[in-house]
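Got the structure open? Let's go through it together, one question at a time.

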Amino acid sequence: MSKIDRIVFGDNQFFGINHMSQDKAQAQAERFADLDSIFAVYDHAYSAGIRGIMLNSNDRATAICERFKAQASRYPDLRWYPSIPYPHKYASLVSEKGMVGALNDVLFADGAKSAFGKMARGGLAAMTFDAIRMMKMLVDEEVAIYRGLDVRVVFLQNIVTDLILGFDIAEPLIEYCEHVRKKYGALPGLITQNLPYLRQKLMEWGISDVVLCASINKIGYLMSPDVATYEVALDQNDGDRYPVMAMSTLASGAIPAPEAYEYINQLNVQSVVFGASSPGNIQQTVDLIDAVPA
Amino acid sequence: MSGAISSVFRLPSVAKEPALTGCDYTFERALVMTVRVGIIGLGRMGITHFSIINSRPDVQIVATADPSMLVNKLLGKYAGVKTYKDYSQMLAKEDLDAVLLCTPPAMNYEILKAVAERGLHAFVEKPFTLSAEHGRELSAIFASKGLVNQVGYVNRFNDVFARTQAMVADGLIGRVIRFRSEMYSATITRAQEDDGWRATHANGGGATYEMASHAIDLITFLFGKPDHISGTSLSRLFSQHVEDIVASNFRYAGGLGGSIYVNWSDASFRKPTNKLEIFGESGKILADQHGMKLYLASARPDLGFAKGWNQLYITGLFSSVPFYLRGIEFTAQLYDFVDCIADRGRTTRCDFSAATDTLAVIDTMFADNAHNESELAR
């Protein structure tokens, strides 16, 4: 029995994220401007039997989480797969204020009574700056909105995972995984666009029992270095130690769903996260994904 | 530090077709030599470039230089590199082959002269420096010493724009008559109290240097430097001393004309967006970073294009890179830089001379805008 849901419902469709078309993304963002239309889609997913939800900690996630909590009796058995952080929040801050300004803003966002404020009072002098402690505080702040939900995995966004991976430093990832396990009793998850390389480094670093979420599709879109290397890595992978969750399975719509999932179904992939808006597409996807991995 | 992608990976082979793609990286020369790199400026781009170039087996990041004690402490502790507050100390003490320069552009003229004096290859973030005069001087110095020089105009490595360039160069849409290069983002959407180093043109701040330079570079990449620039309009919305909105018109002696419009205060755009429209005598191209619409007056079955509209998505155009961070473009660009160091017969896709064209356009635009404002004030 896998530790994670076979099918997880994603959120890109709600927030104007479409890798293939900016116009389409814009149209989707407009359609889901209000919470009711988002929940109409969640209801379709729930009716289709989906119980896993991935949700990025973006500026609209709080309202979504609050509504799920308020209507807990309607969705009694949902399991949550949040992803953190919301990269745009930090990227825009950095664009506007520079690195140091952004850091200041994040650290002092809620004034001296915030966790960061407390730490700052303890002395933010560079020589005593504790990066790992700060990382944990940032994680806690991002995860706070999911409190009260049944959180199974806390995913770190690929922009952070892959940045650290490129630096080739183990400690932040080791500490992140430990923190998620201890503080939240959840599985740590790492989203990546470099699955084979990440998996190899995790084994080298002695990090296991981590869910790896990566783009997996037959055309190799958002898969570095390439499809063949992914296929070898998946074939060799121990799905208990490193459960794999496939995303971008349709390659932003370039692959028809039946073809896309025929490919996924024959791979050693434990879970699939997908996003869709129409009841028909949601049900079709659920029907196309085999109940158990190959 | 060691951090290279292991040789267990089957690495991408050479691009099959001669047309430009975002990345045509090949590992065939890798491991023959090690390129010793120093990074100057560890802001957002410096940190991104560190992560990317560190993934290459034949690169060793030896040292970094940045005035921030915090950055230096973190890099020293976790990345295991030697850190300097002052770049000149790093250049004096370390045995390097190349530097990546990610500093505010006003500093680059002085730094690049020191880098050339040490005989080091240089990759520098755009806009490279702040005047065509400095650009030409630096370009000549690096060329005379045979040093690889590259500027981070990353759109040249975007798969869609690289393909667009190849299509135009191959004459797919015939003689080009008009173009439009636009760029939008929600970068500055509130009144700016303290703009930091971005506050003035003298420091390289403002939407022209920081953002329109990309839109201008796309034009020089496709069509070369314009012969005449007019109607420039630089508008302030939220910034105190620099423009937030940039517009201008370009003309070429051969009859080609076009315009640019860049706005970094447009909150309706969630992500920075480049849009390019090119109208030719036998077709039209509408492109952004993620895809392309191609209209052709007659079919090109040899290329798989129908008469009328053809839709090309990034999913059909993309190239793969050995390591992915924030898109394929940054990796393709830096790997190209290292490849050019390893193979001196190879030329970078955007050298100092090419980037100087963009600086010359910007110089002229600033003068044109000042002229237009004084005319209006009369």
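Q: Over which residues at the start of chain B does pLDDT stay under 50, and how many contacts beyond four places in sequence does the model have for them?
A: This is a predicted model, so keep an eye on the confidence scores. The pLDDT of chain B stays under 50 over residues 1-19. Residues 26-31 of chain B are also below 50, and that stretch has nine contacts beyond near neighbours in sequence. For residues 1-19, the count of contacts beyond four places in sequence is 37.

Q: What is the mean pLDDT of chain B?
A: Despite those stretches, 90% of the residues in chain B reach 70 or more. For the complex, the predictor gives an ipTM of 0.89 and a pTM of 0.90. The mean pLDDT of chain B comes out at 91.

Q: Why does the largest nonpolar core lie between two domains of chain B?
A: This core has 180 residues, and B:Val99 is among those with the most contacts inside it. Helix H7 of chain B, residues 207-223, gives the most to the core, with 10 residues. The core lies between the domains because both of them give residues to it: domain 1 (35-155 + 324-348) and domain 2 (159-319 + 360-372).

Q: How many residues on the side of domain 1 of chain B that touches domain 2 are nonpolar?
A: The centres of the two domains of chain B are 26 Å apart over C-alpha atoms. Their contact takes 15 residues from domain 2 and 11 from domain 1. On the domain 1 side, two residues are polar and one is charged, while the nonpolar ones number eight.

Definitions and conventions. Residues are numbered from 1 along each chain as its sequence is written. Chains are lettered from A and ligands numbered from 1 in the order in which they are written. This is a predicted model: local features need pLDDT of at least 70, side-chain atom pairs count only at pLDDT 80 or more; totals for chains, interfaces and linings use all residues. A nonpolar core is a set of buried Ala, Val, Leu, Ile, Met, Phe, Trp, Tyr and Cys residues joined through C-beta atoms within 7 Å. A residue is buried if 20 or more other C-beta atoms lie within 10 Å of its own, exposed if 12 or fewer, and partly exposed in between; C-beta atoms are placed from the backbone. Helices (H or I, at least four residues) and strands (E, at least two) are DSSP runs, numbered from the N terminus. Domain bounds come from an automatic or database domain assignment. pLDDT is the predictor's confidence in each residue, from 0 to 100. Two residues are in contact if their C-beta atoms, placed from the backbone, lie within 7 Å. Ala, Val, Leu, Ile, Met, Phe, Trp, Tyr, Cys and Pro count as nonpolar, Asp, Glu, Lys and Arg as charged, and the others, Gly among them, as polar.
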